[in-house]
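Dear colleague,

I am passing on the structure below, and I would be glad if you could look through it together with the notes that come after.

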Amino acid sequence: MSSPAPPKSPELSDKSKKYDRQIRLWGEHGQTLLEAATICVVNVTAVGCEAAKGLVLPGIGGFTVADGSTVKEEDLGNNFFLDGSYLGKSKALACKQLLQELNPDVNGDYVDESVDYILANRPNFFDSFDLVIASNLNEKSLLQLSNRLWESNVPLVYCRSLGMIGSIRLQLKEHCIVEAHPDNRQFDLRLEQPFEALREHLESTVVTNKVPWLLVLYKYLKVWQQEHAVGGRLAPGNYKEKTTLREAIRAGMQADEENYEEAIKAVNTAFGAGLVPSSLKAIFEDDACEQLHKKSDVFWIMAKALKHFVVEENKGFLPLPGVLPDMTANTDSYIALQHIYRQQALQDADQVYHKCQDYLKQLSLPAESIDERTVRLLCREAAGLAILRGTRIADEYEKSCRLLPLVEDNELQGTLTAYNFALRAYERFLSECGSIPGECAVEQDIGRLKSIASKMLNDLGLHVPISDDVLHEICRYGGAELHAVSAFIGGCAAQEVIKIITKQYKPIDNTFIYNAISTESVTLKL
C-alpha cells in the first residue's frame, strides 16, 4: 500500500514569487510600504537612472522623471537608459520608457521641465511625492530644491557622480526607525524575573534531555540565585560568575546532552535583555513624546503609550517580543514554550494598543490611525527603536561648528573630505560661470575653481586649502560620469531610499563619499 502524498505547501502568489528574495529582507509589510510609495527623479543622469532602477526592480509604487533637456551624443556613452533612437528627444520620456520596461507593475510618468522651471512656476509639484532623488545639480538649483523640500517635509536624496568620485547626501527632517535589524540581536527571555505563566511552566516541567535548553538554564539559575541571595543578585554579571554557572550546568550532565551544551553556551547572552536602552530612554524623554498634539506622527503616540506601559504597568521592563531562538528539543516541548512567550507578547502589545487608543481619543484623532498590527510590531522591536534628525543641505553653506571636526592642524581630514568640498566648489562653478570646469580650457578653469573653493571655505570659517591635486582631478573629469561609478552610487542611493520608505534599517547620517580610485569611502555628519 502506498503512503499518502504529503500535503501541498500553499502556493505563493505571483507577486510573492517575483519579490520573494527581497521580502525575506524587509517582510510583506515593508513591501506594502514600498509599493505604496511614489518618488520623483530630478535630472536624467547615469547616477539618477541607476538609483531609479534600484527602486523600479523591487516594485516601487510609482516614479516621475523630471528633466527639461534632450538626449545628446555624449549622453549615450555613460547612460545605459538612453539609446540612439532617442537622440534629440526628451530625456525624461526616454528614461521613463526604458525604466518602465524593467517592471511593468510600476507606474511611470515624466515631466519635460527642468527643476528650475518647476520651482519657479509650480513649487508645490514636489509635495505629493514620498521622496525626491536629485543628481548633479548646480549649487543654486540644489539649494532652492533642498529648501523647498525641507519646508514640505519631503525627504531628499542627493547624488553626485563625477569621474571617479561619488557622494550621497540625505536630507531628512525626522526619520523614525522601527525595525533597525541589529547585527547581534539579543533574545529577551526574562529568565531572571519570569512572568507568571512562564514561571509556572518552568517550575512544573521536569528537566530531561528532551526539553529546550531554556528550562535547563533556569533550573541552575535558581540554584545560583539562592547562593547569591544576600546580594539580591538575579543573574551572573561578570566572567567569574558566569563560569561558575557554566560549571554547575556541566556537572549536572549525565551524558552528551545537547540541551545542556546549548544552555552552557547561552549563559553569555541569555540575561540582561528587556531593560530600556539609552537610545529608547532618549526617545521617551523627547519633547515630541512628552507633548503630543493633533499633528504628532503616530510613532510618537505609540512611543508615549509604550513609555506608559514600561513605567506604570511593567516595572520598567519592555513589552515581551515573544521571539525564541532555535533550540534542540522535542516538538511538543518547544511549541508549548513558544506559545507561552507569544501569548505574553500579545497581552503586552494589547495593553500598549489600548493606551494608544486613549491618546487618540484625547487628541480627537480617528481610532483607525493606529492598528493592532503596527503596535505589535513596535512592541516586538522596542529595544531597537531609533530617531534620526537631519539637517538641511543649505546649512552646510553657512558657518557651522559641525564642520570644524573636519579640519585638523589647518588641513582637511583626509582626501575624501577634500573631495566633498571640491564637489561643492564644482557646483558653485556651474552656477557662477555657467559652464563645466575642464570642459574646454582646463588650465584656466583650474585657477577659477581654486579661487571659488578658497572663497567658499573662507566663508564657512574653514581657513584651509584644498590640494591642487584634488582640484586638478575635478577639472580633468570635465563633468563626465563613468557608468561604473554611477552604478555603484546609484545602487547605494536606492538602498537608502528603501530604508527610508520601509522605516527599516538605519540610513546613513548623513553624507557618504566614495573614491573609486582608491576604493575608499567615508560617512560624515554635516
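The notes below cover the sheet, the helices that lie on it, and some salt bridges.

This is a predicted model, in which local features need pLDDT of at least 70 and side-chain atom pairs count only at pLDDT 80 or more, while totals for chains, interfaces and linings use all residues. Residues are numbered from 1 along each chain as its sequence is written, and side-chain values use heavy atoms, with hydrogens and water left out.

An open sheet of 8 strands, with mixed pairing, follows the order β3-β2-β1-β4-β5-β6-β11-β12 (strands are DSSP runs of E with at least two residues, helices runs of H or I with at least four, and two strands pair if DSSP finds at least two bridges between them). Because β3 (107-111) and β12 (520-524) each have a single partner strand, one side of each is left without a neighbour in the sheet. Strand β11 (residues 511-515) runs antiparallel to β12 and is joined to it by 5 bridges, with I513 paired to V522.

Helix α3 (residues 46-56) lies across β1, β2, β4 and β5, whereas helix α7 (residues 139-152) lies across β4, β5 and β6.

The structure holds 28 salt bridges (a side-chain nitrogen of Lys or Arg within 4 Å of a carboxyl oxygen of Asp or Glu). One of them joins E290 and K307 at 2.5 Å, N to O; E290 lies in helix α13 and K307 in helix α14, so the pair ties together parts that are 17 residues apart in sequence. A network of salt bridges also links E179, R185, R380 and E381.

Best regards

Conventions:
Contact = heavy atoms within 4.5 Å. Axes fitted to C-alpha atoms, helices over the stretch in contact; angles between N-to-C directions.
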